[in-house]
Structure formats: structure tokens, C-alpha cells
Amino acid sequence: MRRCFEIAKQGAGSVAPNPMVGCVITHNDKIIGEGYHQRYGESHAEVMAINSIANPELLPEATLYVNLEPCAHHGKTPPCADLIIEKKLKKVVVSNLDPYVEVAGKGLQRIREAGIEIDFEVLEKEGRWLNRRFFTHHEENRPYIILKWAQTNDGFLDYHRQEDDGSEPLKISGDEMNRVVHRWRSEESSILVGKNTAALDNPSLTTRLWPGDDPLRLVIDPQLQLKDSLKMFQDGKPLWVFNALKEYCEGEVCYVRISDPENFPLEISRHLAQNTIQSVIIEGGSNTLNRFVSANLWDEARIITSPMRIGSGIPTPEVTGKIFSSEMIGNDLLQVYLNE
């Protein structure tokens with residue numbers, strides 16, 4: 001099953017809104033085939049694994065391991081449960097039941113009724129962690145929310161700056177850490193910043209330093225005060241602008257009206273869920289991060305601390321949670337907290 005998890009991760013950033021799924025097939029305790037879901041709309045892991053087998057006549061005596069319950073419905077591809085039954089697998093081992101209403105136990109029920117032995121909830125917690133975005137979306141009707149910021153060693157996000165004062169954004173983290181941040185972007189469905197960050201930093205919010213798809217860019221601009229000359233408005237890539245004034249699309253820029261700008265974390269989360277956006281990484285600024293923290297609407301906080309000290313500036317947000325990991329990346333300390 002851990003091999004299923006390992007190969008499933010290769011679909012990160014390419015399969016959403018589907019989950020990451022890996023499949024391993026064994027015969028006499030030897031792996032004879034494996035595969036993973038590579039891209040949304042393409043073959044599922046079970047199909048890839050079955051098709052990889054050199055001797056398909058072994059399947060009736062083989063065991064299929066897969067980290068998520070085989071689907072039982074017609075979506076972009078036919079039901080994997082039907083393929084497993086057709087190939088007469090001897091046994092199916094599953095880590096997690098699928099929370100999606102069109103599956104939700106139906107896949108395993110169909111397989112069991114065909115006389116195939118089933119074992120499930122194997123390494124269930126590890127499986128849920130792998131697909132935490134997928135489970136959060138289907139069980140809580142909101143995206144998985146990641147807070148991310150870089151801070152100086154004395155606890156500041158930036159100097160106090162004003163728009164058009166000519167000052168450049170403070171570069172806190174090093175090049176190695178910046179590449180990791182761009183990898184994170186490639187793994188998430190969307191990325192969000194507030195008005196001040198957009199105006200002061202003029203960010204692109206893309207994966208320039210890492211191969212992979214760009215996340216959907218989101219910006220909060222309640223009174224539509226941002227200039228159209230900013231990169232995110234001019235680069236021809238999708239952008240959603242959450243605001244209190246209008247709702248329409250103009251090319252790749254869509255304006256999304258929010259009814260209560262004072263309660264935007266919840267309203268934005270609901271809108272993303274309605275559009276099957278299963279994850280969002282929030283990269284600033286201080287006000288936006290603090291609003292999500294105050295609403296207790298976050299799952300992970302990825303905090304990067306550099307050795308730099310600046311003496312004064314914009315203070316960092318304060319989160320309380322369980323420390324999940326801590327490591328040095330270059331000269332920067334990366335700590336990940338989970339919201340308990």
C-alpha cells in the first residue's frame with residue numbers, strides 16, 4: 001500500500017479535482033504490475049496497472065492494491081470496479097473509501113457481490129493525508145487551505161511600504177526555498193493574495209521556478225482599486241478578482257462579487273468549493289492571512305524563517321497548532337503547523 005502512495009504522488013498537481021491514486025498488483029507476493037492516475041480525464045490507476053501486466057492470465061490469482069476505493073460510476077472514464085470484476089481479480093485491498101457521493105462504498109459493494117475478496121482501511125490515516133485536499137472538499141464542502149509566509153528572524157513580514165513609493169519587496173527567503181515555494185504552487189489548485197500584496201509586490205503568482213501547471217490566481221480587491229497594469233491582469237492567464245461591486249468575465253479576468261467583504265474567508269471558501277477548487281495556498285499579505293486565522297479557516301501553515309533581521313516592520317501572523325515538521329532548506333527554517 002505504501003508503494004501505492006509513493007506512485008500516486010506523481011500525479012500531484014495534474015489530477016485535481018480527482019484524487020491522487022496509485023495501484024499495485026501482486027502475484028505470489030511479487031509485484032507484476034503498477035500504475036497511477038496521471039492526469040485528470042485520463043485512465044485511472046487500476047486501468048494503468050492492469051494494462052502494465054505482461055501476463056494477464058495471472059490476474060485471477062492476483063491481488064490488487066489501490067489507495068482509494070475503485071469507482072463505480074461513469075465519469076470521464078468507465079467504472080474501475082467493472083474492470084476488476086471483468087478481469088476476475090482474486091482479492092482487492094483498499095486504503096480509503098471514496099467520500100464522493102457517486103462512489104461512497106458502491107465500488108466495493110459491487111466487487112464484493114462479484115465474489116472477490118476485499119480488505120479495506122489499510123493504512124487509512126496515511127491514505128487520508130495523501131488526499132487531504134480531496135477529503136476536505138467532499139466532507140467539509142470547502143477547499144484545503146494552506147497559509148504560507150516568509151518572516152525575518154525577528155518576526156516581520158516586510159518593511160512598512162506604500163504603493164508607488166519606489167521601494168522593492170523585501171526578499172526574505174533564499175533561492176533554494178523559493179524553488180520549493182514554486183513547487184508548492186504547482187501542487188495546489190489556486191493561490192490567493194490580498195489587495196495590498198498585489199499592489200505593492202506586483203506578483204505573477206506562477207510556477208516560474210518549477211515545471212508544472214500554474215494555480216488559478218485569486219485576489220481580494222473589495223472596491224476594485226487595483227491597477228489594470230499589474231502583471232496578473234496583463235499576462236493573459238486566468239485571474240479571479242473577489243470584490244463587492246460587480247460580477248462578470250472579461251477575457252481571462254473574472255470578477256466575482258462577494259456580498260460581505262468583512263466575512264470574505266468563509267464566502268470565498270464556499271465559492272471555491274462550488275467551483276470544485278479543492279485547495280488554495282494563501283501567500284499574503286498580513287491582513288488576508290490574519291483574517292483566515294481569525295476565522296479559524298485554515299488547515300496548514302507553512303512558515304519560512306530566514307536569518308535576516310530588520311528591526312521593525314509588519315509583524316507576522318500568530319497561529320496556534322500542532323507542529324508537523326521542521327527542516328532547514330538552504331539557510332531558511334521551514335516549519336509546518338497543522339490546525340487542530
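## Two open sheets, a packed helix and a pocket

One open sheet here has 5 strands, ordered β2-β1-β3-β4-β5, with mixed pairing. At its edges stand β2 (30-36) and β5 (117-119), each with a single partner strand, so one side of each has no neighbour in the sheet. Keep in mind that this is a predicted model. There's also an open sheet of 10 strands, and a largest pocket of about 1400 Å³.

**The 5-strand sheet**
- Ignoring direction, neighbouring strands of this sheet are turned by 20° against each other on average.
- Strands β3 and β4 run parallel and are joined by 5 bridges.
- If you want a spot to check the register, Thr-63 has Lys-91 in β4 as its bridge partner.

**Helix α3**
- Helix α3 spans residues 80-87, and its buried residues are Cys-80, Ala-81, Leu-83 and Ile-84.
- These four cover an arc of only 160° around the axis, so they end up on the same side of α3.
- That fits the usual helix geometry: with 3.6 residues a turn, residues three or four places apart point the same way.
- As for what they pack against, the buried residues of α3 meet α2 (45-51), β3 (63-68), β4 (91-96) and α4 (106-113).
- Right after α3 comes Lys-88, with a positive phi near 60°.

**The 10-strand sheet**
- The strand order is β11-β12-β10-β9-β8-β13-β6-β14-β17-β16, and the pairing is mixed.
- The edge strands are β11 (248-250) and β16 (322-329); each has a single partner strand, so one side of each is left without a neighbour in the sheet.
- From one strand to the next, the twist averages 20°.
- β16 and β17 (residues 332-338) run antiparallel, with 7 bridges joining them.
- Within that pairing, Ile-323 has Tyr-337 of β17 as its bridge partner.

**Helices across the 10-strand sheet**
- Helix α6 (residues 132-140) lies across β6 (144-151), β13 (279-282) and β14 (300-305), at about 130° to β6.
- Helix α10 (residues 264-274) lies across β6, β8 (190-194), β9 (216-220), β10 (239-243), β12 (253-257) and β13, and runs at about 140° to β10.

**The largest pocket**
- 47 residues line the largest pocket, and those closest to its centre are Pro-169, Thr-197, Asp-201, Pro-203 and Glu-283.
- At least two lining residues come from each of β6, β7 (156-158), α7 (175-187), α8 (195-201) and α11 (286-294).
- Helix α7 gives the largest share of that lining, with 6 residues.

Key:
Residues numbered from 1 in each chain as written. Predicted model: local features only at pLDDT ≥ 70, side-chain atom pairs only at ≥ 80, totals over all residues. Heavy atoms only, no water. Pairing = 2+ DSSP bridges. Axes fitted to C-alpha atoms, helices over the stretch in contact; angles between N-to-C directions. Contact = heavy atoms within 4.5 Å. Buried < 20%, exposed > 50% of the residue type's maximum accessible area, 1.4 Å probe, protein only. Arc of directions from axis to C-beta. 1 Å grid on protein atoms, 1.4 Å probe; cavity = no way out; pocket = protein on both sides within 12 Å on 5 of 7 lines; lining within 4 Å. Points joined across faces, edges and corners; volume = space filled by probe spheres on them.
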